[in-house]
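Grab a coffee and work through these short exercises with the model open. Try each task before you read its solution.

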Amino acid sequence: MPVTLLIAWQLDDSYFRQSWGTAKSLTHETLLLFGAGALLFAIGGMLPLLLSGGLGRHAASPAAAVDTGFLHRCCAVLYRLTVTGYVVLAAVGFSRGARPADLIDALTSQDTFDSTLRTQFTPIAGITTLTQLGIAYVVVAVTLLTRGPDRYVAQRLVVVFVLALMRAFFLTERLAILELAIPAVGILAMHAARGGGLRRRLTSAAPFILVPGAIAVFGVFEYSRSWVFYSQTRGGSFFQFVIDRLAGYYATAYNNGQIALTYGLGKDVRLPYGSIEAFWTAPGISQLDLYGRLTGHYEPDDYSYLLQQYGNPEFNSPGGLSVPFVDYGTAGGLVFFLLVGMALGIVYLRWRDGEFWASLIYPVALTGLLELPRYLYWGQGRVLPAFVALVVIAWLTRRSTTTTGAT
C-alpha cells in the first residue's frame with residue numbers, strides 16, 4: 001500500500017489522462033486519509049502479536065489432529081459442488097449464444113479485450129456461485145497435502161486450478177486464479193515456517209521472489225487482456241506496457257475512490273454497501289433488490305455512471321481503501337480499518353498457534369489483504385461461499401473433536 005499510494009501521489013493529471021484515459025481527481029488530502037486508514041489497519045493487525053509477546057514459535061500443524069478421512073470427505077463434497085458450478089456456468093454461457101468456436105478464436109488470437117464472452121458467461125447468483133467453492137476446496141486440499149502426498153486430491157486440485165485459469169483467460173477474470181493461488185501459497189508458507197531452519201528462512205525471503213513473480217503473472221494475462229489490442233495504436237515495449245498498466249490498476253483504484261467520495265456515493269443517507277456487498281448480493285436478497293427498495297439506489301449502476309462521467313470504465317476497481325470511508329464516513333472508516341486489522345491479527349495469531357479453524361479462514365483472508373489497494377475483497381459476494389463452507393467445516397471438526405473427547 002505505501003508504494004502504490006506514493007505512485008498515485010507522484011503522478012500528475014497529464015499522466016493519468018495520457019496513460020489511463022481519466023482525469024486525476026485524487027487529492028493529497030484524500031491520499032493522506034487513505035494512508036491513515038492503511039496505518040491504522042497495520043497497527044490493528046500488529047496489536048494481537050505485540051500483546052501476545054511477539055512472534056514466538058509456530059505451533060505444530062493444526063491439521064495434524066484432524067481426522068484424515070473427514071478432510072477427504074470435505075474435499076470430495078467441495079470438489080463436486082465446484083465442478084457442478086462450472087458445468088452450470090458453461091451451460092448458461094452457451095444458452096446465451098457462446099459457441100466453442102468463440103473460445104477457440106479467443107485462444108488463437110490471444111485477444112480478449114472486447115470479447116462478448118464476459119457478458120455471455122455472467123454468473124447467476126446462487127447457482128454459478130458454486131464455482132467459488134473452489135477456494136474452499138484449495139484450502140482444505142492443500143492443508144491435507146501438507147500431511148503427506150495424495151495423488152487423488154492433487155489431481156482434483158489441478159482440475160480446479162485449470163477451470164479457474166480458463167475463467168481468468170476467457171472471461172478476463174484474473175482474480176479467479178489469484179484467489180486460489182494466494183491461499184495455497186499462504187498455507188505452504190506457514191507449513192514451511194513450522195519446519196524451522198532453512199525452510200523458514202526461505203519463507204522469510206519469499207516476497208523477494210513472489211513480487212517479481214506476481215508482475216510476471218500479471219503480464220501473462222495482460223497480454224491477451226489488453227496488449228494485443230493496444231499494441232496496434234501505441235508504441236513502446238510490452239514490458240513498459242505491463243509496468244504502466246499495473247501501476248494504473250492501483251492508481252486509478254485510488255482515483256475512483258476519490259470520485260465516489262466527491263461526486264455521489266455515500267453523499268445522502270444510505271446504508272453501507274461496498275463493505276457488506278456479499279449481504280446485498282446474496283441469493284434471495286439480490287432478487288428482492290432489497291438495497292434498492294430501502295435506499296432508492298442501485299449501487300453498481302450509480303458507480304458505473306460516475307466512472308462514465310468522471311473516470312474510465314475500463315479501470316473500474318473501486319479501491320479497497322476508499323470503500324469504508326464511502327460507507328461509514330471519515331471517522332467510521334478509520335475505526336473500520338482498526339477493527340478489521342485487529343480481527344485479521346487475531347486470526348493470524350490463532351493460526352500460528354495451531355488452531356484449525358484459523359488455518360482455514362486466514363488463507364482466504366490473505367487474498368483480501370493483498371488486494372486491499374484495489375478491492376475490499378472480504379465484503380464481496382464471490383468470497384462468501386468459501387467462508388461459509390470453511391466455517392461449517394471448522395464447526396463440524398470442533399464438534400467431532402468435542403464429542404470424541406467427551407466419549
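**Exercise 1.** Work out whether I43 is buried, partly exposed or exposed, and find the surface patch that includes this residue.

*Solution.* Keep in mind that this is a predicted model. Start with the number: I43 has a relative accessibility of 34%. Buried means under 20% and exposed means over 50%, with partly exposed in between, so I43 counts as partly exposed. Next, place I43 in the fold: I43 sits in helix 3, residues 28-51. Finally, look around on the surface: I43 joins L39, M46, L47, L50 and L51 in a nonpolar patch, and together they have about 600 Å² of accessible area.

**Exercise 2.** Find Q258 and list what its side chain and its contacts reach.

*Solution.* Go to helix 12, residues 238-263, where Q258 is located. With a relative accessible area of 6%, Q258 is buried. Setting aside neighbours within four places in sequence, Q258 is in contact with S25, L26, T27 and T30. Now zoom in on T30: its side chain and that of Q258 share a polar contact of 2.6 Å.

**Exercise 3.** Classify the ring pairs Y328–F336 and F336–F337.

*Solution.* The whole structure has 21 aromatic pairs. For Y328 and F336, the ring centres are 5.8 Å apart and the planes are at 20°, so call this pair stacked. For F336 and F337, the centres are 5.8 Å apart but the planes are at 85°, so that pair is edge-to-face. Check the exposure too: Y328 is partly exposed at 34%, F336 is buried at 18% and F337 is buried at 1%. Ring pairs link these residues into a cluster that also includes F34, F41, Y254, F325 and W378.

Notes: Residues are numbered from 1 along each chain as its sequence is written. This is a predicted model: local features need pLDDT of at least 70, side-chain atom pairs count only at pLDDT 80 or more; totals for chains, interfaces and linings use all residues. Side-chain values use heavy atoms; hydrogens and water are left out. Patches are made of residues with over 30% relative accessible area and no salt bridge: like charges are joined within 9 Å, nonpolar side chains (Val, Leu, Ile, Met, Phe, Trp, Tyr) within 5 Å. Accessible areas come from the Shrake-Rupley method with a 1.4 Å probe; for residues, only the protein chains shown count as cover. A salt bridge is a side-chain nitrogen of Lys or Arg within 4 Å of a carboxyl oxygen of Asp or Glu. Helices (H or I, at least four residues) and strands (E, at least two) are DSSP runs, numbered from the N terminus. Buried means under 20% relative accessible area, exposed over 50%, partly exposed in between (1.4 Å probe, protein chains only). A polar contact is a pair of N or O atoms within 3.5 Å; within protein, one must be able to donate a hydrogen and the other to accept it, and residues adjacent in sequence count only if both atoms are side-chain atoms. Contact means heavy atoms within 4.5 Å. Rings of Phe, Tyr and Trp (its six-membered ring) pair if their centres lie within 6.5 Å; planes under 30 degrees apart count as stacked, over 60 as edge-to-face and the rest as tilted.
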